[in-house]
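Let's take a walk through this structure together, one region at a time. Keep the viewer open and turn the model as you read.

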Amino acid sequence: MATTNKALLAKLQKTAGVLVERHDVHSDVLRSRSVSLNSTFGKGWGLPRGMGIALYGPPKGGKSLLIADFAGALHQSDPDAVVVKIDTEFRDEAQFPEPMLRAWGIDPNRYICRQTNSSAEVFDWIADEKDGLYGMIKEGLPIKLVVIDSISSICGRRMEQAESSA
């Protein structure tokens, strides 16, 4: 039987990016109320926290409803969880007035919707360590779900600086 060089193995394990300790990614997940959706996005458990999904489909295909289902299930299971939705289509007030939020199980006080289609006001705000989401998370705000609905409606930096849409 071959013997493993323990010094070389230890050196290999210290290499950047090597996965040394493993944990159960399914112990803390975002769940939907739908067993089939949990199977689709998390092999039956749900979407592991920290993971992302990109939903693609035709307009009015149910993507926003899917997000509402995840947000409602999250609020029902976690009394402190905050959901942040960046609404680039400016449709949230029409799609989800307060009675509709409550029907989905979403707590309006822990559901923050920011309406903008400026790329800086989306991505720079998320990454900002002082006044953005990243900074708020570092300070302890339990933001458990961030949604951008929809990426296709975000203006590029050139479009933002143009004098007209033409």
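In strand β4, the bridge partner of Ile86 is Arg114. Before going on, a word on the ground rules. This is a predicted model, in which local features need pLDDT of at least 70 and side-chain atom pairs count only at pLDDT 80 or more, while totals for chains, interfaces and linings use all residues. Residues are numbered from 1 along each chain as its sequence is written, and side-chain values use heavy atoms, with hydrogens and water left out. Helices (H or I, at least four residues) and strands (E, at least two) are DSSP runs, numbered from the N terminus.

Ile86 belongs to β3, so let us stay with that strand, residues 82-87. Two strands count as paired if DSSP finds at least two bridges between them. On one hand, β3 runs parallel to β4 (residues 111-115), with five bridges joining them. On the other, β3 pairs with β5 (residues 143-149), again in the parallel sense, over six bridges. Here Asp87 stands opposite Asp149 of β5.

How many residues of β3 are buried? Six of its six are, where buried means under 20% relative accessible area, exposed means over 50%, and partly exposed lies in between (1.4 Å probe, protein chains only). In a regular strand the side chains alternate between the two faces of the sheet. For β3, Val82, Val84 and Ile86 lie on one side and Val83, Lys85 and Asp87 on the other, and both faces are covered.

Next, follow the chain past the end of β3. Phe90 is in the loop between β3 and α4 (92-95). Phe90 has a positive phi of about 55° although it is not a glycine, and with a relative accessible area of 44% it is partly exposed. In the numbering, Phe90 sits between two residues whose side chains meet: Arg91 and Glu89 form a salt bridge, 3.0 Å from N to O. The term means a side-chain nitrogen of Lys or Arg within 4 Å of a carboxyl oxygen of Asp or Glu. Both partners are partly exposed, Arg91 with a relative accessible area of 26% and Glu89 at 25%.

The structure holds eight salt bridges. One of them links Arg33 with Asp69, the closest N and O atoms being 3.2 Å apart. This pair ties together distant parts of the chain, 36 residues apart: Arg33 is in the loop between β1 (29-30) and α2 (35-42), and Asp69 is in helix α3 (residues 63-77). Arg33 is partly exposed at 46% relative accessibility, whereas Asp69 is buried at 10%. Another salt bridge joins Asp107 to Arg110, with closest N and O atoms 3.0 Å apart. Asp107 counts as partly exposed at 23% relative accessibility, while Arg110 counts as buried at 14%. Salt bridges that share partners also join Lys85, Asp92 and Asp149 into one network.

Asp69 brings us to α3, which is mostly covered, with eleven of its 15 residues buried. Among them are Leu66, Ile67, Phe70 and Leu74. Does its length match or differ from the expected span? The expected span is 1.5 Å times one less than the number of residues. For the 15 residues of α3 that gives 21 Å, and its end C-alpha atoms are 21 Å apart, which agrees.

Now look for the largest pocket, with a volume of about 1100 Å³. Of the 36 residues that line this pocket, the closest to its centre are Ile53, Leu55, Ile67, Val147 and Ile148. The elements that give two or more residues to the lining are β2 (47-48), α3 and β5, and β5 supplies the largest share, seven residues. By type, the lining divides into 20 nonpolar, nine polar and seven charged residues. Here Ala, Val, Leu, Ile, Met, Phe, Trp, Tyr, Cys and Pro count as nonpolar, Asp, Glu, Lys and Arg as charged, and the others, Gly among them, as polar. A pocket is an open set of points on a 1 Å grid over the protein atoms alone, where a 1.4 Å probe fits, with protein on both sides within 12 Å along at least five of seven lines; lining residues have an atom within 4 Å of a point. Grid points are joined across faces, edges and corners, and the volume is the space filled by probe spheres set on them.

Finally, return to Asp149, where a cis peptide bond joins this residue to Ser150, with omega about 20°. Ser150 lies in the loop between β5 and α8 (157-161).
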